[in-house]
Amino acid sequence: MIFKPTHLKKVASALLLFLFSMQIGSGQSLNQKIATAYDTFLNLPELRGSAVSFTIKNTTKNTSVFESKEALGLPTASTLKVITSATALDILGEDYRFKTSLSYQGEIDESGTLKGNIIITGTGDPSLGSDRFEQTNRNTILKKWVAKIKDAGIKEVQGKIIGDDSRYDGYQAPGGYSWSDLGNYYGAGLSSLNWEENKIGVNFKPSSIGNKAEITSLSPGYEYLQIINKVTTGRKGTGDQVYGFLAPYSNLVFLRGSYATDLKKTIEVSSPDPALAVANALTNELEKSSIPVSGVPSTSTLLAGNHELNLKNTRLLDEHFSPLLGELVYWFNKKSINLYGEALLMAVGKFTNPNSSHSNAARLIRKYWNQKLSIPSHQLNIYDGSGLSQQNRVTTSAMTAIMAYAKTKGWYATFYKSLPVINGIHMKSGTIGGVLGYTGYYQLKNGEHIAFSLLVNNYAGGASAMRQKMFRLLDTLKSY
């Protein structure tokens, strides 16, 4: 092909225009790049009628990079966990531990018979009985306690095992948890005496599609529960669609939904009374170790006002300490365990005010960050420590300010390590009905660090598709 001079001029002009546009693009500030990408994001048809808030801060220079509706309070889902974690680490310290005490009341006679009760007293440890740590798993704890009881010369208990859950006034669900969540492991309530993360494993055997999926086993120690099983067998690939419905202190568990014919998974529902569960577990373990217990397991809540709970007349057998707070925060954020959030919230509340309730603890967090960073209280309108409550209203401005503050603290490395790596970025995700969020950190190519928070509420379409679009927006950070 032979190019005429006019054609060559057009090609040269087009090339120059392209190179000029590339220079302009490469010269754009991060704010300009984000603004362009954000405008594209907001124009998505899935976001018509949605509420979106986005805040980015340069933590190296302590300057704002980008803000859009940063003062709009929105439900947070699990992104709220970063605020709970940062508050606990800042107030309690990363070496803080929960304590659980084993003691007895009464006298031990010459034959080794304890004429009295054995009491397990909790202070809110969410890891007691958890299999996430070797020193906390069910068997380790129970065997240690049985050994301590034997060491005291006790060969028989003419009394009962009592779970003392009085510190938090029994077993309670945080304000804002929905009825459909309460029966499932992620919606378990909080006690000062938690056990196995307050969840119960249920195993099913699927049958033909549409017919009943039979229960084959439960976690040990929960045989006393009455279960109404309405779970059917689902088609291959439909996964876990099983939901539990039960209330605190209820022995009735209602299961409904479907369990896929190819699924091999233990379904987890919430425990109706964890203090009773641990008392029952220790009773059974003592019986297996040939130490009979005459009384029926109970709790301080169930025995409210009973003279048996005169804790001044007790003798200590053992003190169990939880893993360090930093280790608990790791699992809290990494696996998004809601129970840990409520436990940390209450620990902060009790540390600040021994008479604090769960709702008071949430208010204390608002007050703390108002005093520390001048964050207006209405920008931290929280009802729980995990983000499961849809009544939470938090701004991305407040969340990013706390994330930036964390970057300056000695516990930051512990906090940063707890954040999952998602789409190549260290960030905490949050997902509940109609809500998606991300908050985290990123190091720019020039070595500077930024903290960000992005919340999307009331989007259309599936969560998976919206996540990918949010990732594309956040990918803009990687280009600068």
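1. The first point concerns a single loop residue in this predicted model. S290 counts as exposed, at 61% relative accessibility. Its place is in the loop between α6 (274–288) and β13. Phi of S290 is near 65 degrees, a positive value in a residue other than glycine. Most residues other than glycine have a negative phi.

2. A second residue deserves the same attention. For Y249, phi is near 70 degrees, again a positive value in a residue that is not glycine. Y249 belongs to the loop between β10 (240–245) and β11 (252–260). Is Y249 buried, partly exposed or exposed? Its relative accessible area is 32%, so Y249 counts as partly exposed.

3. Strand β6 (residues 161–164) is covered on both faces. On one side I161 and G163 are buried, and on the other side I162 and D164 are buried as well. In a regular strand the side chains alternate between the two faces of the sheet.

4. Which strands pair with β6? Strand β4 (residues 113–121) runs parallel to β6 and is joined to β6 by four bridges. Within this pairing, I119 stands opposite I162 of β6. Strand β13 (residues 298–299) also runs parallel to β6, with two bridges between them. There, T299 of β13 is the bridge partner of G163.

5. The confidence of the prediction should be stated with any description of the model. The mean pLDDT of the protein is 92, and 93% of its residues reach 70 or more. Residues 11–26 stand apart from this: pLDDT stays under 50 over that segment, for which the model has one contact beyond four places in sequence. Where pLDDT is low, the predicted coordinates should not be read in detail.

6. As to overall architecture, the secondary structure comprises twelve helices and 20 strands. The C-alpha trace spans about 115 × 60 × 35 Å along its principal axes. Of the 480 residues, 51% count as buried. Among contacts between residues at least 6 apart in sequence, 71% join residues at least 24 apart.

7. The final point concerns surface and charge. The protein exposes about 21,300 Å², and carbon and sulfur atoms supply 51% of that area. There are 50 positive and 37 negative charges in the protein, and the mean positions of the two sets are 12 Å apart.

Key. Residues are numbered from 1 along each chain as its sequence is written. This is a predicted model: local features need pLDDT of at least 70, side-chain atom pairs count only at pLDDT 80 or more; totals for chains, interfaces and linings use all residues. Side-chain values use heavy atoms; hydrogens and water are left out. Buried means under 20% relative accessible area, exposed over 50%, partly exposed in between (1.4 Å probe, protein chains only). Contact means heavy atoms within 4.5 Å. Accessible areas come from the Shrake-Rupley method with a 1.4 Å probe; for residues, only the protein chains shown count as cover. Lys and Arg count as positive and Asp and Glu as negative; His and the chain ends are not counted. The place of a charge is taken as NZ of Lys, CZ of Arg, CG of Asp or CD of Glu. pLDDT is the predictor's confidence in each residue, from 0 to 100. Two strands pair if DSSP finds at least two bridges between them.
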